[in-house]
Amino acid sequence: MHVIKNGTIYPMTGDAPFVGDILVGDNGKIEAVGTDIPAPGAEVTDASGYAVIPGFVDAHSHIGGVFMESEDLNELTKPLTPEADSWYAIDPKSGQFDTAISCGITTSCLIPGSGNVVGGWGIVMKSGKGSVADRVIKHPACLKAATGINPKGVYSKKTQMPMTRMGIAFLLRDYLRQVKEYMEKKAAFEKDPSDPKKKPEFDLGLEHGIPVLEKKIPLKVHTYMHDMTTVVDIAREFDIMVTIDHAQGASDFYDDLTDEHVKGVVFGPISAGLFPGEGGKIDYECCKGLDDRGVLVTVMTDGPVTPENLLIYQAGEAVRKGMDPIRALGMITCNAAKLLDVSDRVGSIEAGKDADIQIYTALPTQYVAAELKMVMIDGKIAFNQDNRISCK
Amino acid sequence: MLIKNGRIHDGKGKIFKSDLRINEGIITEIAECLTPADGEECVDAAGLEILPGFIQTLSFWGINGSSTEIRPSSDDNDELSDPITPHLDVRYAFNGRAATIQQLGAFGLTTVGVTPTDNNLFGGTMAVFEVDGVNPYKMCLKPYAGMKASVCKKLKDSYGKRGVAPQTKMWIFSQLSEQLRLAAEYKTADQPSDGKEESKKEEGPGKPRDMKLEALRRVLSGELPLFVSIDNEQDALHVLEIVKPYRSEPYALKLIFCNGFGIGADASWLIEENIPLVIRSASMTMDDIAMELDLRGVASLAEKGLTVALSGVDSSFQIREDVLWLGISMMKQLKDESRVLPMMTSIPAKLLGVDDKTGSIEAGKRADIVLWSANPLETYEAQIITTYMGGKAIYRKGDELRCM
């Protein structure tokens, strides 16, 4: 048992912040949240004067799978690799997870890169110790896809389709069509198994698309600027859920992004000057714009492409563009958890949820000098900045 | 123009309430209760925080090339035909409109140092520019602000992989040493080695002029501060050893280290040797060297007296928020605005040799100032109300940000 006492708790459940205690059980779950919780015999962390918030959830990252000299998340031998699965690419012992923890990121959605039109399955897992199996909280979490200059850049060099956005849209649509037909054939055979010739041959790539067509997982699409209209058009056609990832230029397309097929927008990372084409609009005001319109919006690190501490800076820049600091905190906690369908486990501080908690000297989406003091994952202390937080 | 009732953060550590008079782009008066002259424009800055415009010491703003041209080609500050190009001048790479379109004023920047890349041992001379304008010469606050050098792994990546030198740090350091020696011994018909007219006769006509060595002579004399990019503390120690003979009479080489990756709390020799450090960020990189940036260590050195400036990435992906974000990172360490703001304003101005013109809010300086709704080194809620560059409003809250 562990009790975090007298901190200003931001529960991110819709309830306002309050000064209180969090009781963490030996099973790594939050047992109770309230004021003056009796906890005889529990370890005590004194958080008085500090902000206590949920661990951050990074909804788009490649840590553990992409390094400087080698990477395992871009299988660039053909533009459609739906059969690939991030699970097998992640090195759970990578130091990049330690960096993530030191920036308060306790959960990440780890996905294939954006070199392929369809890249494979993504996974949601915790930072911390243990194997991928120990730390996974959702698998498959999504099917990664990509539009625009990244797949174009890879295959233009090989004079292979897709060399154009036309080619990308065709390949993406054609893959989804094949999954749909595969599912129909499977269903027909299941209904009438009398003719074994009608049993469709097992196809792992198409199998991986089934949960997308069944709306059990979203298609997670690397998308900038006008490509988001292409993605929403295809989502409507196949009646699937999509998330729009990167999303620079989103403020030009609010009408499309409020479509029921858009599960949410994962904005960022905002760290480049303007450049022509996909870098032609950098609009972090869209975080507030989307939030005001009821769209689930979050920001991401794209780690290790940008360092993990950028998650908080980007939320901060959304605040500079008029977003309320607590709504901005929501972007990188409860919103990201909902967007990834893991809000039953993480993203908020309430009884029954995983004890993924961090303590700052002040609200980090408001005060720039707010310093991270402690990170807890599954009830265990994963980061401890100094002795102020003592675990007696 | 009069700006009344604002809270001034002067960029040198002082914070005070005062009025401010600007005449022809220059701050002429800072005093309480100034009264507007007849017809003088008066801005009420009550409740606002007035900071100097941020200065990015090392930047690539205004550089065209790989990502910005109709026909992609080399970045104009990246002359990879030769690792030793001290004779090149970055002014000729600077496109005023390419800098202006980035609207750096909307991010609190008013002045930028523009530099050759870290890919050459000697890249060429640096220059300082305003952030808004068209004509590079009208925007230029100072040409020849420094000589850009680098002993980074990037040199090996740029050349060694093509099968040409340098493939190793051995080459890099031996050439650093050799080029400086050649410059010290350089003599031509026009320029005797000691620079004295009477020696001319004695030494007689020398070799044909060597523009590289002539540029490096200006480094030895201290006219051009030597900004050397390093990957780690070892690099810094090697550089110091090599340039040491030129840091004292008859030479006056001024050494500044750039990047600062891998410099930690125990590198206090930098303070004893009085060598400033320009920090580059790791904001947009998958560079394992840049990830070694130890801000906690650098902050502790700064507390003990190390001169530190905060800059941005060495990459054609320039980041408009870099100086502010590094300031925010430094605030998390030092928690003292009076130490951090100078790293973004008056210290860069001093290192670039433009501290007589800008980098602080003082009478006689250019009106390169930013009115913020709150202190950006305190809260993310701080928004820019107006950015003045040389007294001219180049960004106002509500202005639409440009697109490409």
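In this predicted model, a good place to start is the hairpin of β15(B) and β16(B), where two residues lie between the strands and B:G390 adopts a positive phi near 55 degrees. The two strands flanking this turn, β15 (residues 384-389) and β16 (residues 392-396) of chain B, are paired in the antiparallel sense, and four bridges join them. Within this pairing, B:T387 has B:Y395 of β16(B) standing opposite.

Earlier in the sequence of chain B, a pair of helices offers a second feature to explore. Helix α9 of chain B spans residues 295-303 and helix α10 of chain B spans residues 322-334; the two pack with their axes 9 Å apart, at an angle of about 65 degrees. Because angles of 65 to 115 degrees count as roughly perpendicular, α9(B) is described as roughly perpendicular to α10(B). The crossing of these helices is right-handed. On the α9(B) side, the contact is formed by B:L295, B:R296, B:A299, B:A302 and B:E303, while α10(B) contributes B:S329, B:M330, B:Q333 and B:L334. Sorted by class, the residues of this contact comprise five nonpolar, two polar and two charged.

Beyond these local features, the view can be widened to the meeting of the two chains. Here, 25 residues of chain A are in contact with 30 residues of chain B. The side of chain B that touches chain A is made up of 15 nonpolar, seven polar and eight charged residues.

Definitions and conventions: Residues numbered from 1 in each chain as written. Chains lettered and ligands numbered in written order. Predicted model: local features only at pLDDT ≥ 70, side-chain atom pairs only at ≥ 80, totals over all residues. Contact = placed C-beta atoms within 7 Å. Nonpolar A, V, L, I, M, F, W, Y, C, P; charged D, E, K, R; others polar. Axes fitted to C-alpha atoms, helices over the stretch in contact; angles between N-to-C directions. Parallel < 35°, antiparallel > 145°, perpendicular 65-115°, else oblique. Left-handed = near helix turned anticlockwise from the far one by under 90°. Pairing = 2+ DSSP bridges.
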